[in-house]
Protein chains: 2
Amino acid sequence: MTRASSRRPGPPTRTERGIPEATVARLPVYLRALTALSDSGIATASSEDLATAAGVNSAKLRKDLSYLGSYGTRGVGYDVEYLRYQIAREIGVTQDWAVVIVGIGNLGHALANYSGFGTRGFRIVALLDADPALVGERIGDMEVRDFAELEDIVEADRVSIGVITTPAGPAQEVCDRLVAAGVTSILNFAPVVLSVPDGVDIRKVDLSIELQILAYHEQRKSGEVALPQVPELPATNGLTPDLPAVGGGVGA
Amino acid sequence: MTRASSRRPGPPTRTERGIPEATVARLPVYLRALTALSDSGIATASSEDLATAAGVNSAKLRKDLSYLGSYGTRGVGYDVEYLRYQIAREIGVTQDWAVVIVGIGNLGHALANYSGFGTRGFRIVALLDADPALVGERIGDMEVRDFAELEDIVEADRVSIGVITTPAGPAQEVCDRLVAAGVTSILNFAPVVLSVPDGVDIRKVDLSIELQILAYHEQRKSGEVALPQVPELPATNGLTPDLPAVGGGVGA
DNA sequence: AGGAGCTTGTGAACGTGAGAACAAAATCGG
DNA sequence: CCGATTTTGTTCTCACGTTCACAAGCTCCT
């Protein structure tokens, strides 16, 4: 997260609508839980109920909600519809956000079709790719357009969110173009670290990193304590030993 | 992350190979950065170089690496190949992990084709779906198999990692089957909170949550301080007011 | 009306993570 | 061989996040 944080040093400073980042990341989960409860016809829920549905503990949930205001009723709980609306408003999904997807490979394809994407609050306004072979292809009710049209589209549709689903190689360049065109939030699926100027938010979704984190924990389950203590490499520092090949996943 | 943590209360307890979770989450990033440096023919890198490549600050990187051991050389830096191997070993990607993907919709399709998935360290051994219409379809060099074969496959191929790319509806049931079959790590793409027993790790990748987090920050950029202070809802608590519809993204 | 029973909102304690700063160790030049 | 220089490994401090525990506040029953 790259935000120009204008926070004075003083005490905990929770005034001025400063909701902790960890809380912000959970609000969408609460929103989904509330929607599920609502769909089940449940009108009121306690923090305990909500916490269970959201997979957190109730103290955390209450504290999170308290940053938004006092929307519950002691002795009763929370009104599901009301709280849902308040959270949605706080997150900003009561309005529609225009989104462009850049890079229509396998993943871009999947996202373009992903109905859950159309979670109210987001609207895909364009699918872009630089490959002429892809331009013009129809996906659902949209047509792939040339990446060169980016600037026009961003301006015309007031696009503020860009999704990068290109390979690692062109990702930074695409990112720069997005930023230059006026996009101020980026969701990056390419396996690279993108750099953006202050004021632009960027989030990353990385499959192979998630798998590797799982692998780490998996490794110490089976053996438990039985780590493969391998080549400690003699003091021949400076020379590159003959080590097994391992990849880091820069799958361009 | 749901791990049966066997940690005694005492002091900071960093002994016994306890690497902080935050560090574990960054190791794959370092691994990728090292691979990139290696591919560029760079044999040695300072913490500063590495930190830049990984998008973190150098103090953090050095501290992270120090949990693994003393693999650098003061005054010089880190041997790229050597460090890469050490990190790969620590993560556990020097061995191969068998992976099954359950739910071959758009996303499952994309993941099956995703070459970066085959990042050395992971091997997809089966694509599963319960829909008879999909079973038998060829994707790349694999064939979609019936979900009913799960147990046999997990046992035969010693599968420890499962990826869930089904809709929200069947996700928990699929999860339970995976766990019952012996899978102990799960990567969940379905927009639901899955519950798993202790000892099973679960990680979640959720597109709409990421977008909503971006939207939150986006909302307070344009207006800045100009939050739409809307219906404070009168004290008619208990009644459900007529609010605009908002979704939480339970796109089953 | 009043007390019993819940459930929220929050203050305080605790644990984890981040960053600054520096001592220890290695190289290099003279 | 020694001092200057570089860069790691680590200590210390501060900020952030989580959890506990409880007072405040609401409803319901008698």
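In this predicted model, a base oxygen of DNA strand D is 3.2 Å from an N or O atom in the side chain of Lys63(A). That pair is a polar contact, meaning two N or O atoms within 3.5 Å; within protein, one must be able to donate a hydrogen and the other to accept it, and residues adjacent in sequence count only if both atoms are side-chain atoms. Strand D has a base nitrogen in a polar contact as well, 3.0 Å from an N or O atom in the side chain of Arg62(B). The side chain of Tyr78(B) turns up at the backbone of the DNA, with an N or O atom 2.7 Å from a phosphate oxygen of strand D. The surface near DNA strand D takes two or more residues from each of H1 and helix H3 (58-66) of chain A, and from each of helix H3 (58-68), strand E2 (72-73) and strand E3 (77-79) of chain B. Helices (H or I, at least four residues) and strands (E, at least two) are DSSP runs, numbered from the N terminus. With four residues, H3(A) gives the most to this surface.

DNA strand D is surrounded by 26 residues, and the closest are Arg26(A), Asn57(A), Arg74(A), Ser47(B) and Tyr78(B). Here a residue is near a molecule or strand if one of its heavy atoms lies within 4 Å of it. Seven of the residues near strand D are nonpolar, eleven polar and eight charged. In this grouping, Ala, Val, Leu, Ile, Met, Phe, Trp, Tyr, Cys and Pro count as nonpolar, Asp, Glu, Lys and Arg as charged, and the others, Gly among them, as polar. Among the atoms of strand D within 4 Å of the protein, sugar or phosphate accounts for 67%, and bases for the rest.

How many residues surround DNA strand C, the other topic of this comparison? There are 26, and the closest are Ser47(A), Arg62(A), Tyr78(A), Lys63(B) and Arg74(B). They divide into seven nonpolar, ten polar and nine charged residues. Sugar or phosphate makes up 63% of the strand C atoms within 4 Å of the protein, with bases making up the rest. Phosphate oxygens of strand C take part in several contacts: one is 2.5 Å from a backbone N or O atom of Ser47(A), one is 3.4 Å from a polar backbone atom of Tyr71(A), and one is 3.1 Å from an N or O atom in the side chain of Asn57(B). At least two residues of the surface near strand C come from each of H3, strand E2 (72-73) and strand E3 (77-79) of chain A, and from each of H1 and H3 of chain B. H3(B) has the largest share, with four residues.

Strand E3 of chain B also holds Asp79(B). This residue counts as buried because its relative accessibility is 7%; buried means under 20% relative accessible area, exposed over 50%, and partly exposed in between (1.4 Å probe, protein chains only). The side chain of Asp79(B) reaches two backbone nitrogens, that of Glu81(B) at 3.2 Å and that of Tyr82(B) at 2.9 Å. From C-alpha to C-alpha, Asp79(B) is 8.8 Å from Ser46(B), although the two are 33 residues apart in sequence.

Next comes the empty space. The largest pocket holds about 2,000 Å³, and of the 49 residues that line it, Arg203(A), Glu210(A), Arg203(B), Lys204(B) and Glu210(B) are the closest to its centre. A pocket is found on a 1 Å grid over the protein atoms alone, as an open set of points where a 1.4 Å probe fits, with protein on both sides within 12 Å along at least five of seven lines; lining residues have an atom within 4 Å of a point. Grid points are joined across faces, edges and corners, and the volume is the space filled by probe spheres set on the points. The lining is made of 27 nonpolar, nine polar and 13 charged residues. H1(A) gives the most to it, with five residues.

Arg158(A) has a positive phi of about 50 degrees although it is not a glycine. It sits in the loop between helix H6 (150-157) and strand E8 (161-164) of chain A, and is exposed because its relative accessibility is 72%.

Residues are numbered from 1 along each chain as its sequence is written, while chains are lettered from A and ligands numbered from 1 in the order in which they are written. In this predicted model, local features need pLDDT of at least 70 and side-chain atom pairs count only at pLDDT 80 or more, while totals for chains, interfaces and linings use all residues; side-chain values use heavy atoms, with hydrogens and water left out.
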